[in-house]
Amino acid sequence: MAQSYFPGRAMSPVKDFPAERQLKVEDVQEAYVEQKDRLVNAIDSTKSILENIRVFNRDEWVVRYPQFKQPTLEKRPSGRRSLSFADDPLSETEVVLKQDLSHSISLATVNEDENSSPAAAAAQEESLLSSDFHVLRLDLKLGVNGSASTAASLVSQLEKASIANLLDERIATALSHVDKLRPRVEDTSSKVLVTGDLNAGKSTFVNALLRREVMPVDQQPCTTAFCEVHDAAENNGVEEVHIINEGATYDIKDSATYTRASLSTLEDIVGDNDTTPSHQRMLKIYLGDARTPSESLLNNGVVDISLIDAPGLNRDSLKTTAVFARQEEIDVVVFVVSAENHFTLSARDFLANASKEKAYLFIVVNKFDQIKNKDKCKRLVLQQIKELSPRTYEDAEDLVHFVDSAQALQPYTANPAFDDLESSLRSFVLVKRSKSKLLPVSTYLSNLLCDVELLAGANAIVANAELEQAKKELEVVKPVLEKMKKGREGLEDKLENVEEDGVATASNKTKLMLVDALDRVGQGKLGATTSSTTSSLSLPTYPGLLNVLDYARDIRKALLSSLDLAVKLAEDEARLTTCSGVDKIRGLAEEYLPIGVERNRRVFMPEAMFSGMRRAGKDKNGKGGMMKRRQSSYHSSSSSSSFSSSSTPTVVAGGLAGLGIGLAQRPEFLETTVEDLFDLRHQFWTHFGKGHEEASLSSSSSSSGKKALVKKSEYEEDAPLTALGLMSVGLGTLTMVGGQTLGAKGLIEGVIRVSDLWGNDTARKWIAPVLGAVTLGGIVYLILELPNSVPRTVGRRVRAQILSSHGSNGGGGGEEEEEGFVEAHVVRIGKETRKVLRLASWDLKSRFNNALEERAGEVRSREEMEKKAGNAHRYFGGVSEKTREIRGMLVVENVVVEGVEV
Ligand SMILES: Nc1nc2c(ncn2[C@@H]2O[C@H](COP(=O)(O)OP(=O)(O)OP(=O)(O)O)[C@@H](O)[C@H]2O)c(=O)[nH]1
């Protein structure tokens with residue numbers, strides 16, 4: 001039965017060492033060197049992978065730590081596990097864990113695998129139970145009582161980043177361990193302890209291996225110290241003995257730890273029996289070896305073997321030697337037994353213990369030349385070995401050698417048995433070394449790489465999921481952004497149009513309404529009579545001649561109020577126009593703002609427009625009171641922008657002094673004079689001024705002339721009464737009366753003709769009474785006509801007064817003045833309308849721009865996520881591949897080192 005030097009492990013399958021194969025030292029050496037080199041390569045590659053993962057974890061991607069739930073009782077398809085992450089234990093993904101040739105675990109996304117046989121499934125299931133992390137395991141069980149639920153709840157509180165940090169620390173620890181592995185693999189020193197019974201020929205055997213008589217040989221027991229033989233190359237090529245000082249730890253570089261002695265004095269040193277039982281002397285013997293590496297055991301080019309010649313076993317030395325043999329640096333124990341004596345009690349004791357602890361026993365049955373019945377001797381010795389160390393017995397052909405060491409020292413003498421021993425011993429040292437030094441490294445690397453593969457696989461799944469997620473989200477967000485980008489200019493244009501249209505409509509309407517109102521007032525009619533908010537206006541009734549002045553004042557007041565009302569109606573109209581503009585903007589918001597963006601929650605309050613009270617007040621955002629928040633008492637519904645004025649406070653039209661505000665309240669307009677009853681200057685200029693002007697400006701009938709006329713007459717009306725003016729009262733009366741039937745021109749001509757008659761005596765007699773009668777009649781007529789003429793007179797005067805007041809403000813006159821009054825309101829109302837519409841536009845624009853920015857940010861972050869996840873997916877895929885490659889290398893090398901032909 002062959003012994004397995006590389007017993008199978010879950011991660012490193014090995015095959016048995018074949019008994020029938022004669023190991024050739026060159027093959028083993030070659031295999032060993034190859035394995036060593038591969039391991040060094042694997043160590044370097046693993047290191048770079050780990051360092052890379054750390055950098056990637058730190059700079060690119062927070063590496064997630066996967067956890068796998070044990071299969072539940074309910075039968076799951078083979079290989080399925082529930083994958084979750086330490087930072088997010090609740091979200092589980094079902095995955096399939098596969099085994100590859102090297103018993104490794106790879107991750108795959110969910111894939112039905114129902115065809116596997118029950119046996120294979122069971123085997124896989126079993127392996128899955130051990131498929132957790134080996135080296136990179138994080139101890140996340142932080143629960144006080146260690147219960148799973150407590151641990152899970154605590155783990156769930158850990159952040160992704162802190163787990164990544166823990167993982168980073170774990171990887172750093174693994175890295176420093178990998179760093180230590182390299183020198184261990186590269187360390188070529190190996191120690192072989194030669195021990196055995198007293199006088200069994202140990203020193204002779206060591207000398208035979210060295211092909212040199214170095215160790216003292218005597219028929220009496222002579223070796224009293226542990227003599228460790230090294231290549232002189234380690235001591236700068238100097239052959240000498242270093243006697244290690246008592247209690248010191250030997251360091252070749254520190255001469256205080258040893259005493260130098262020459263090689264020639266070795267016999268004296270070793271033979272010196274003056275040693276205290278408590279202290280066993282240790283010697284380092286440095287020897288030169290001129291032989292080729294293939295011949296030399298010490299300097300064979302692969303490992304530096306140092307032989308330790310130990311004192312013969314007796315009651316005193318047994319314990320010390322046993323302790324020595326247990327030391328970690330002892331790779332192989334060669335036990336020398338004399339063929340003549342077989343195993344003494346001490347030898348049995350030692351072997352029995354050593355075989356329990358170390359399976360690396362190599363037994364040399366020495367002085368075989370002295371034995372006559374060699375077969376019998378062999379049989380007896382092997383029988384004893386079988387009892388003492390069964391494992392050595394199993395591979396006796398390689399591990400038990402019957403030789404004559406003394407003869408091996410004879411030059412030019414063939415000694416095939418010893419040559420065979422030497423080859424076996426050297427191979428054994430290498431194989432043993434493989435097992436004791438390289439295999440643990442290989443196993444560690446294999447486990448570590450398994451973990452890395454698991455980590456990379458799980459993270460590749462996460463990265464892929466995030467990549468898909470990012471792509472999916474981009475499909476939604478990107479078109480929205482594109483649409484918004486394209487619509488941006490259109491929206492801005494439309495908003496500008498709404499604003500301009502609104503302002504133009506409001507201004508035009510205002511102009512029409514006010515021009516009309518002013519004209520009506522000029523004719524003594526009310527500019528406007530009703531509005532939805534005020535009780536209807538009407539002209540006062542004539543109270544009689546005695547109260548004619550009050551009548552004129554009331555008329556004045558009514559006309560002024562009607563103008564105020566007209567202004568207010570124009571404002572109301574502007575409110576409606578603004579409402580419709582705001583509605584249009586709201587419609588644009590619906591059209592252009594993407595779903596999910598909050599619409600304007602402010603409520604437009606038309607009644608707040610033109611309100612001095614509201615104007616003064618600012619909302620908490622510092623914006624004008626045109627737009628108020630929902631909680632305003634006026635409107636609760638954001639959709640309603642209809643003009644509601646039921647609760648409108650008393651609004652003074654215009655709101656500002658100097659713009660015809662509260663005309664009816666302004667004392668300068670309310671002042672009533674006699675001219676409101678008889679506007680003589682007007683009459684005069686109407687009847688005479690026109691003719692006079694026509695005479696002076698006979699050729700002028702152009703509009704400019706008309707303008708000049710109007711201008712003049714209006715100015716004259718305001719001029720103080722002159723003597724001519726007073727004189728004209730009578731004439732005025734006449735003209736008014738006469739004007740009714742003859743027309744002013746005819747009357748004047750009549751008067752001129754009458755004056756011609758003045759020279760005539762007869763005429764002079766009757767003309768005075770006639771004129772007196774006519775004047776009297778005229779006055780009576782005027783008085784009777786007062787109820788009709790006063791409104792016209794007052795209206796005309798009011799109109800002129802308003803226009804002149806604006807004319808003086810604006811510096812214009814006539815139509816310009818009219819334009820001044822109307823324009824002032826047009827501008828004011830237009831401004832107010834623009835203000836509201838602009839605010840609503842601005843709000844929509846800023847919402848739109850914010851939403852655009854937000855969407856752009858979302859797209860950017862998704863694109864970044866897509867890029868990052870894509871990178872991570874590729875990166876972890878690469879890590880998995882590389883890891884598998886290195887692990888595959890580790891598996892092959894084991895097979896080669898075993899020397900088994902694959
Ligand atoms: N015939 C024969 N004699 C041997 C052989 N090996 C050793 N001897 C003799 O056995 C005696 C003891 O040899 P050593 O090598 O000193 O034995 P040892 O085991 O080192 O002795 P201690 O270390 O003192 O216990 C010497 O006289 C050797 O010449 C051998 O293979 N054949």
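1. A small pairing makes a pleasant way in: histidine 230 has tyrosine 286 of β9 as its bridge partner. Please keep in mind while reading that this is a predicted model.

2. That pair belongs to a parallel arrangement, in which strand β9 (residues 282-287) is joined to β6 by six bridges. On the pairing with strand β10 (residues 304-309), β6 runs antiparallel, and three bridges are found there. Glutamate 228 is one of the residues involved, with isoleucine 308 of β10 as its bridge partner.

3. Why is β6 largely enclosed by the rest of the structure? Strand β6 covers residues 226-231, and five of these six residues are buried, so the strand is largely enclosed. As a reminder when you look at the side chains, those of a regular strand alternate between the two faces of the sheet.

4. Do have a look at helix α5 as well, which takes in residues 202-210 and is mostly covered, with nine of its nine residues buried. The buried set includes Lys202, Ser203, Thr204 and Asn207, and also Phe205, Val206, Ala208, Leu209 and Leu210. What phi does arginine 211 take just after α5? The phi of arginine 211 is positive, at about 55°.

5. Further along the chain, helix α22 spans residues 815-898 and contains phenylalanine 876. Is phenylalanine 876 buried or exposed? Phenylalanine 876 counts as buried because 27 other C-beta atoms lie within 10 Å, where the cut-off for burial is 20 or more.

6. Which residues does phenylalanine 876 contact, once neighbours within four places in sequence are left aside? The contacts are with Ala456, Asn459, Ala460 and Ala463. Isoleucine 461 is also worth checking here: its C-alpha atom is 9.2 Å from that of phenylalanine 876, although the two residues are 415 apart along the chain.

7. A record can be set beside the model for another stretch. UniProt, in an unreviewed entry, lists residues 464-501 as "coiled-coil region". In the model, residues 464-501 are 100% helix and 0% strand, and the C-alpha atoms at the two ends of this stretch are 54 Å apart.

8. Finally, some totals for the whole protein chain. The chain has 22 helices and 15 strands. Of its 902 residues, 37% count as buried. Among contacts with a separation of 6 or more, 77% join residues that are 24 or more positions apart; the contacts of phenylalanine 876 with Ala456 and Ala463 are ones you could inspect in the structure.

Technical notes:
Residues numbered from 1 in each chain as written. Predicted model: local features only at pLDDT ≥ 70, side-chain atom pairs only at ≥ 80, totals over all residues. Helix = DSSP H or I, 4+ residues; strand = E, 2+ residues; numbered from the N terminus. Buried ≥ 20, exposed ≤ 12 C-beta atoms within 10 Å, placed from the backbone. Contact = placed C-beta atoms within 7 Å. UniProt positions renumbered as here; feature names shortened; annotations may be inferred. Pairing = 2+ DSSP bridges.
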